[in-house]
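I opened my notebook to get acquainted with a structure that is new to me. Here is what I looked up, one entry at a time.

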Amino acid sequence: MKLNLKLSFPFVKTFLVSIISFVILLKLPPVLFDAKMEAKVFNFGIYQLILNPWTENTQWDQFLTPWILWVSGLISKPEDLVFILNWFTILSGVIFVGFIAHRLDWLLAISLCFILSSSPLYLIFQTWIGFSDPITFLLITLYLILLYSEFLPKLKILYLSFVLFLGMTNHLFQMLALVFLVNVFYLVYHKDKTMILLGAYAFAFVMYGLFLFYILKCTPIGWNQTRVSVFSKMWGNEFIRMNQSEFLLGTVGLFHGLWPFVVYIMYRMPISILGFVFCYLLSMMTYDTGRVFAILSTPILLLFSIQNWQTANFFEKRISIIFSIGSIIICKLYPLFYKWDGKIIYLQ
């Protein structure tokens, strides 16, 4: 009887933390990041793609989201799209927090739940509607979960490569940047996993090569260089215009209420500065600066938070918890915003 109770306690703990995180992620972001209609960005084009993703209008490097929603048959009007993608966002957070509670520490899990719910990434999820980012975030959280899970090496390679492959079909360049950042900083602390990650890369690229050959040769979906053309415009005067305007507010908006926690992570783990600077440099080369930085920086912030917790003493862990809760309070102290096209867009 005692053995059964001991075995069931981790499950009960994980279940309770998952329920708490579900409520927090469902209720808190809409309150923190409530935005007027003018501050929201709507991707109306994705609704037409969901009706039929097998057309020349579908971009070869962003296939998965419209295909999944088409296969699900759940989208009959644009409002359904908003609802479904919002649930992907909540699901991502709950799965990740539940895993951390089960695998590591329930206090860390609750702390990360507060960090996610007050993060600029969830600000973006509340204001940029109809984009593939929620599914990308779900996949990168699954990737993080697999990194910290215990599997036989061959199985780990298989699982990681499959998640990476799905991410590449959802948003190729975004997923490659995310996994590159996560892998690099994961290997800083787990150098013995190098061959596993290289194997996952290789297998994922083989699968993606076959997938790309199929959709370009056997479907109406065609090759285009939209990403390259947009990126090429971001040099010279355009780059200067975008990044010199609103520099101070743009810097504040990188993390908003998370700044005290992020500075603490930088102090505890100086290598994290390199990661955030790299994310910032990449975001400087895009028009949607705030959105890109939030997507790139959040997974490595989660990774550094885990590594910090694993080496922290009792007092240092309590500091992390205080800063994570404090991020919510800070978000209510001033008007929130994001940066786009060199301009500050206020939510209210």
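These entries go from backbone angles to a helix pair, one helix residue and the cysteines.

**Before starting.** I remind myself that this is a predicted model.

**Entry 1, backbone angles.** I looked up H256 and found a positive phi of about 50°, although this residue is not a glycine. I then placed H256 on the chain: it sits in the loop that links α13 (247–252) to α14 (259–268). Is H256 buried or exposed? Its relative accessibility is 3%, so I noted H256 as buried, the cut-off for that being under 20%.

D341 went onto the same page. Its phi is positive too, at about 55°, and D341 is not a glycine either. I found D341 in the loop between β3 (337–340) and β4 (343–346). With a relative accessibility of 15%, D341 also counts as buried.

**Entry 2, a pair of helices.** From the loop of H256 I moved on to α14, which follows that loop. I checked how α14 lies against helix α15 (residues 271–283): their axes come within 6 Å and cross at roughly 130°. How should I describe that arrangement? The two helices, α14 and α15, are therefore oblique to each other. Which residues meet there? On the α14 side I wrote down V262, I265 and M266, and on the α15 side S272, I273 and F276. Sorting the residues of this contact gave me 5 nonpolar, 1 polar and no charged.

**Entry 3, one residue in a helix.** I picked I84, which belongs to helix α4 (residues 78–103). Its relative accessible area is 15%, so I84 goes down as buried. What does I84 touch, leaving aside neighbours within four places in sequence? I listed L69, L74 and I75. I also looked up the separation of I84 and P53: they are 31 residues apart in sequence, and their C-alpha atoms are 17 Å apart in space.

**Entry 4, cysteines.** How many disulfides does the whole structure hold? My search came back with 0. I wanted to know why C113 has no partner. The closest cysteine sulfur to that of C113 belongs to C331 and is 14 Å away, which is too far for a bond, since a disulfide needs the two sulfur atoms within 2.5 Å. Looking from the other end, C331 is in no disulfide, and its nearest cysteine sulfur is that of C113. I noted burial for both: C113 is buried, with a relative accessible area of 0%, and C331 is buried, with 2%.

Conventions. Residues numbered from 1 in each chain as written. Predicted model: local features only at pLDDT ≥ 70, side-chain atom pairs only at ≥ 80, totals over all residues. Heavy atoms only, no water. Helix = DSSP H or I, 4+ residues; strand = E, 2+ residues; numbered from the N terminus. Buried < 20%, exposed > 50% of the residue type's maximum accessible area, 1.4 Å probe, protein only. Contact = heavy atoms within 4.5 Å. Axes fitted to C-alpha atoms, helices over the stretch in contact; angles between N-to-C directions. Parallel < 35°, antiparallel > 145°, perpendicular 65-115°, else oblique. Nonpolar A, V, L, I, M, F, W, Y, C, P; charged D, E, K, R; others polar.
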